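Please open the model in a viewer and keep the sequence panel at hand. The tour proceeds by selections, each followed by an account of what is found there.

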Amino acid sequence: MDVKLVMFRENGERREFPIGPGTTKFGRKDDCDIRIPVAEVSRHHAELHNRADAVELRDLGSANGTYVNNKRISKQKLSAGDHLVVGPVVFTVQIDGQPAEIRPVRTKLRTRATAPAKQQAAKSTSGTGEEMDPISALEALASSADQTALDPFADEEEED
């Protein structure tokens, strides 16, 4: 099966991630195949298994969960057009070129804590007292030259 994950950056730029046969690991650690370096993503968050007869996604016990079509999953077979959500990133699954047209899906980042006291507690546990925007963190990491894993927010070409 020819499997791709398609995502759209905040600026509308389309990014495709070809998924080869076997296992592809998602997470924030350097040893993950698709690295998403934000706090909402567990070190080893999820695995995608691309077999000849099926594509299956499995959550690896992540704290914030893995979602397919807005439903939290532990294990799920994927179909063409499914939306896979890992942390702040939304991927659309494309299998053997289907769906042929993929509409941009934007991720809305929300603070989980709604009460001011919970928000203050979250700030003070960060160590710096300041909250960091996950997209800004991804963009900063993407601009570094020492990337070894696929980073959904990394620029394919560096600008001068």
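Begin by selecting Arg51 and Asp53, which form a salt bridge whose closest N and O atoms are 3.7 Å apart. Shared partners extend this pair: salt bridges join Arg51, Asp53, Glu56 and Lys75 into one network, so add Glu56 and Lys75 to the selection. Arg51 counts as partly exposed, at 36% relative accessibility. Asp53 is exposed, with a relative accessible area of 62%. The coordinates come from a predicted model, and every value on this tour is computed from it.

**The whole chain**

Return to the full view in cartoon representation. The chain holds 2 helices and 11 strands. Traced along the sequence, the pattern is β-β-β-β-β-β-β-β-β-β-β-α-α. Of the 160 residues, 38% count as buried. A surface display would show about 9,600 Å² exposed by the chain, with carbon and sulfur atoms supplying 45% of that area. Among contacts between residues at least 6 apart in sequence, 41% join residues at least 24 apart.

**The six-stranded sheet**

Next, select strands 2, 1, 11, 10, 7 and 8, which in that order make up an open sheet of 6 strands with antiparallel pairing. Which strands stand at the edges of this sheet? They are strand 2 and strand 8 (71–73); each has a single partner strand, so one side of each is left without a neighbour in the sheet. Neighbouring strands here are turned by 30° against each other on average, direction ignored.

Within the sheet, focus on strand 7 (residues 66–68) and strand 10, which run antiparallel and are joined by 3 bridges. Pick Tyr67 as a landmark: the bridge partner of Tyr67 in strand 10 is Val85.

**The nonpolar core**

Now display side chains and turn to the largest nonpolar core, which has 23 residues. Select Leu5, Phe26, Leu48, Leu57 and Phe91, the members that touch the most other members. The elements giving two or more residues to this core are strand 1 (3–8), strand 2 (14–19), strand 5 (46–50), strand 6 (55–59), strand 10 (83–86) and strand 11 (89–95). Strand 11 gives the most, with 4 residues. In soluble globular proteins, nonpolar side chains tend to be buried together.

Centre the view on Leu5. Which residues does Leu5 touch, not counting those up to four places away in sequence? The contacts are Arg15, Glu16, Phe17, Ile19, Phe26, Ile34, Leu48, Leu84, Phe91, Thr92 and Val93.

**Further salt bridges**

The tour opened on one charged pair; the count for the model comes to 8 salt bridges. Side chains of opposite charge can pair when their charged atoms come close.

Select Arg58 and Glu47, whose side chains meet in a salt bridge (2.9 Å, N to O). This pair links distant parts of the chain, with Arg58 in strand 6 and Glu47 in strand 5, 11 residues apart. Are the two partners buried or exposed? Glu47 counts as buried because its relative accessibility is 12%, under the 20% limit. Arg58 is partly exposed, with a relative accessible area of 33%.

Then move to Arg35 and Asp30, whose side chains also meet in a salt bridge (3.1 Å, N to O). Arg35 is buried, at a relative accessible area of 17%, whereas Asp30 is exposed, at 54%.

**Backbone details in the loops**

The last stops concern the backbone. Select Asn69, in the loop between strand 7 and strand 8. Asn69 has a positive phi of about 50° although it is not a glycine. The residue Asn69 is partly exposed, with a relative accessible area of 36%.

Continue to the loop between strand 11 and helix 1, where Asp96 is placed. Asp96 likewise is not a glycine and has a positive phi of about 50°. Pro99 lies in the loop between strand 11 and helix 1 (116–125). What kind of peptide bond joins Gln98 and Pro99? The bond is cis, with omega about -5°.

Conventions: Residues numbered from 1 in each chain as written. Predicted model: local features only at pLDDT ≥ 70, side-chain atom pairs only at ≥ 80, totals over all residues. Heavy atoms only, no water. Core = buried A, V, L, I, M, F, W, Y, C linked by side-chain atoms within 4.5 Å. Buried < 20%, exposed > 50% of the residue type's maximum accessible area, 1.4 Å probe, protein only. Contact = heavy atoms within 4.5 Å. Salt bridge = Lys/Arg side-chain N within 4 Å of Asp/Glu carboxyl O. Pairing = 2+ DSSP bridges. Axes fitted to C-alpha atoms, helices over the stretch in contact; angles between N-to-C directions. Areas by Shrake-Rupley, 256 points an atom, 1.4 Å probe, with all protein chains shown as cover.
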